[in-house]
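Please look over the sequence and the model below before reading on. The report that follows describes the overall build of the chain and then turns to a few of its strands.

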Amino acid sequence: MNGSQEITWTLHKENPLIAPPWPSPIIADPSLLLPETSPDGKWHLIAHSILGLHSFTSEDGIHWSRPSFLFANAMRPYLYQEGETYYLFYERYRSFQLPFSWVPFPKWKSRIEVRRSKDLKHWSKPHTVLLPHLSWHESKYGKSISNPCLIKVEKIYRLYYSASLERIEDCGFCEPRYIGYAESERITGPYTSATEPMITPEVSDPHCNLAAGAMKVVEHNGQYLGFQNGIYVDERSVSGSAILLLKSADGITWSRPTEPILKPTSGWMRSHVYALDVKRRGKTWYLYFNARDDWHWTRGKEKIGLLLGEEAVP
C-alpha cells in the first residue's frame, strides 16, 4: 500500500462493508456524514444502485443498516452541511437510462440537482443546479454533468463536477472524461462554470490516460487535497481505475502523484477502484469507495469498502 508523506493508508480488515441491494449488481459513489455532524449522532452514507439513491446508517461506520430507498433516476450523490441544513447534490438522469446505459441509443443526458433537509429523512423538491452547456460537457455518447462536490472558498461556493463521457471498451459502458468547476455566491446557484476543464486525461499519465473520473476536494493544513479516481488503459490494453491524491495551493491547479494511494488488487477489488468520499476525524481519515470485481457490465459487481488513513505524529 502506497501513502503520501503525511498519511499512511490501510484497507479495513472487514472489507467490503456494503453489498448492492437486490436486484442491482452495484452499490457505488458513497457520500458520508460523520456522527458529530448528523442530526441523530449516527454515521450516515448515501450511495446509488441502478435503482437510484439509497441511504444507510451505522453506529460505528463499519456495520451498516439495510438500505432505505430515497429517489429514482439519481446517482453519484454528495452531502454538504451548512448550519442545521443538509444539502444533497446528485446527478439526475432520464427515466430508465442507467439500467440500460450499455445501449448506445438514446444518448445520455443528465444534470446536477440539489435537495434540502433538516433531518436526512424529509427532503425538499429538487432544484436544478447545473446543466450541460459547454462544448466539453458533450461527446458522441451524450451530454453529461455528474459527480458533484461542493466546498466553500471564503464567501464563494465552488462546485467541482465531472463532464462528458468516454467509453470503456472492455466494460461496455462510459465514464466521465473531464473534471471542471463552477462557482456561485449561493449554495443553490446560479453557478458559473470555468470555460475549460480543470483536469483532462493525458496519454503520458499511467493512472489517468483514458478518463478523469471524479474528484472529492478537501481543505487541509492550508492547502487543498484532491482525491481522484483516474481511469486508464494499461500496457495489456486492459482498463482500470485507481485513487490518486492530488495537491493544490488554490484548488484549481493540481500537482499529480506518481503512484496512487489505492489501486486494483484481487477479489472484490479485482478490476477497478472507483468513486469515493473522505472525511477526517482527529488524525484519522475515513475514505469510503466502491470497487469492481470484473470488467464487463454483464459480469462485474460493485461493493463499498473503507480505506483508513493515519496522519503521522510530528
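Two strands are said to pair if DSSP finds at least two bridges between them. With that in mind, one can follow His48, whose bridge partner in S4 is Leu53, and which is itself the partner in S3 of Ala28. The model is predicted, and the description below should be read accordingly.

**The chain as a whole**

The protein chain contains zero helices and 21 strands. Its radius of gyration is 18 Å, which agrees with the value near 20 Å that a compact globule of 314 residues would have, and the C-alpha trace spans about 45 × 45 × 40 Å along its principal axes. Buried residues make up 58% of the 314 residues, and among contacts with a separation of 6 or more, 50% are made by residues 24 or more positions apart. The chain exposes about 14,100 Å², of which carbon and sulfur atoms supply 52%. As for charge, the mean positions of the 36 positive and 34 negative charges lie 6 Å apart.

**Strand S3 and its partners**

Strand S3 covers residues 43-48, and because six of its six residues are buried, it is largely enclosed by the rest of the structure. In a regular strand the side chains alternate between the two faces of the sheet. In S3, Trp43, Leu45 and Ala47 point one way while His44, Ile46 and His48 point the other way, and all are buried. Strand S2 (residues 28-33) runs antiparallel to S3 and is joined to it by four bridges, whereas six bridges join S3 to strand S4 (residues 52-58), again in an antiparallel arrangement. The connection from S3 to S4 is a hairpin of three residues.

**The sheet S12-S13-S14-S15**

Further along the chain, four strands form an open sheet in the order S12-S13-S14-S15, with antiparallel pairing. Strand S12 (145-153) and strand S15 (192-193) stand at the edges and have a single partner strand each, so one side of each is left without a neighbour in the sheet. S12 pairs with strand S13 (residues 156-168) over seven bridges in the antiparallel sense, and within this pair Leu150 stands opposite Leu159 of S13.

The strand pairs described above are set side by side here.

| Strand pair | Bridges | Sense |
|---|---|---|
| S2 and S3 | four bridges | antiparallel |
| S3 and S4 | six bridges | antiparallel |
| S12 and S13 | seven bridges | antiparallel |

Notes: Residues numbered from 1 in each chain as written. Predicted model: local features only at pLDDT ≥ 70, side-chain atom pairs only at ≥ 80, totals over all residues. Heavy atoms only, no water. Helix = DSSP H or I, 4+ residues; strand = E, 2+ residues; numbered from the N terminus. Rg over C-alpha atoms; globule rule 2.2 N^0.38 Å. Buried < 20%, exposed > 50% of the residue type's maximum accessible area, 1.4 Å probe, protein only. Contact = heavy atoms within 4.5 Å. Areas by Shrake-Rupley, 256 points an atom, 1.4 Å probe, with all protein chains shown as cover. Lys, Arg positive; Asp, Glu negative; His and termini not counted. Charge placed at Lys NZ, Arg CZ, Asp CG, Glu CD.
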